[in-house]
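Subject: Handover of a structure

Dear colleague,

Please find below the structure that I am passing on to you. I would be grateful if you could read the notes beneath it with the structure open.

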Amino acid sequence: MHSLELSSLERTGTLGKILGTVAAPGDVITLAGPLGAGKTALVQAIARGLGVGPETYVTSPTFSLLHEYRGRIPLYHMDLYRLAGEEEIESLGFPEYFYGEGLTVIEWPERLGSFMPAERLHIELAISGETSRSARLTGYGSLWQKKVTDILARV
Ligand SMILES: Nc1ncnc2c1ncn2[C@@H]1O[C@H](COP(=O)(O)OP(=O)(O)OP(=O)(O)O)[C@@H](O)[C@H]1O
Ligand SMILES: [Mg+2]
C-alpha cells in the first residue's frame, strides 16, 4: 500500500491523467471513499488522460450504473451502489467489461463479491482538509504492483 497526499484538486487531476495515460486494455481500477472524497473528480481526470475531449461531460453513473466514454481505449465507469449482489451484476454483463478492450473504473466494488478481479489497482480516497485528499493505492497482482511504483514516480 502506498500513500499519497493530494494537496489540491489539481494534484488529483495529475494523478488521474497519469492513470489514464498508462491504462491498458483490460485494466481495472476500484475506487473507494466517502461523499466528496474526489472519486468523480479523479474519474474526470482519468478520462482526460485517456484522451476523452473536454466537450464530454464526465459524471457519476449513480442511476445509469454504467457510463462509457470513447478515448484512446474505452473507459467504462461503473457505480455498483444500487446493485444487490453478484447475480444482478452478472445479469447486467458487467464482469465481461473487466477483461475487455477498455479501462474499467468501479465505485462500490465490494458489491462484486466473487467477481472482484484478482488483478486491479485499488484507490481509497479520504478527506484530509478543505482542499486536500489522501489517496492510498494498492496494486493487486504482480503487474499492478509494478505499475503502482511507476505511477507514483510520475505524480
Ligand atoms: N484535492 C482534491 N481532490 C479532489 N477533489 C477536491 C480536492 N480538494 C477539493 N476538492 C473538491 O471536493 C469535491 C469532490 O467531489 P466529487 O464529486 O469528486 O466527490 P465524490 O467522491 O465523487 O463524491 P460522491 O460520493 O458524492 O459522488 C469537489 O467539489 C472538488 O472540487
Ligand atoms: Mg461521485
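The notes that follow cover conventions, two helices, a core and a ligand shell.

This is a predicted model, in which local features need pLDDT of at least 70 and side-chain atom pairs count only at pLDDT 80 or more, whereas totals for chains, interfaces and linings use all residues. Residues are numbered from 1 along each chain as its sequence is written, while chains are lettered from A and ligands numbered from 1 in the order in which they are written.

Helices (H or I, at least four residues) and strands (E, at least two) are DSSP runs, numbered from the N terminus. Helix α1 (9-22) has 14 residues and spans 20 Å from its first C-alpha to its last, close to the 20 Å expected at 1.5 Å a residue; the expected span is 1.5 Å times one less than the number of residues. Its buried residues are T12, L15, G16, L19 and G20. A residue is buried if 20 or more other C-beta atoms, placed from the backbone, lie within 10 Å of its own. These residues lie on the same side of α1 because they cover an arc of only 135 degrees around the axis, the arc being that of the directions from the helix axis to the C-beta atoms.

Helix α2 (residues 39-49) is largely enclosed by the rest of the structure, since eight of its eleven residues are buried. They pack against α1, β2, β3, β4 (75-79), β5 (103-107) and β6 (120-127). Just after α2, G51 takes a positive phi of about 90 degrees.

The largest nonpolar core has 35 residues. Such a core is a set of buried Ala, Val, Leu, Ile, Met, Phe, Trp, Tyr and Cys residues joined through C-beta atoms within 7 Å. Among those with the most contacts inside the core are I46, L50 and L75, and α2 gives the most to it, with five residues. L50 sits in the loop between α2 and β3 (66-69) and is buried, with 22 other C-beta atoms within 10 Å. Beyond its neighbours within four places in sequence, L50 is in contact (C-beta atoms within 7 Å) with residues including G20, I73 and L75.

Finally, 17 residues surround ligand 1, of which T12, G38, K39, T40 and A41 come nearest; a residue counts as near if its C-beta atom, placed from the backbone, lies within 6 Å. Both α1 and α2 supply at least two residues of this shell.

Yours sincerely

Notes:
Buried ≥ 20, exposed ≤ 12 C-beta atoms within 10 Å, placed from the backbone. Contact = placed C-beta atoms within 7 Å.
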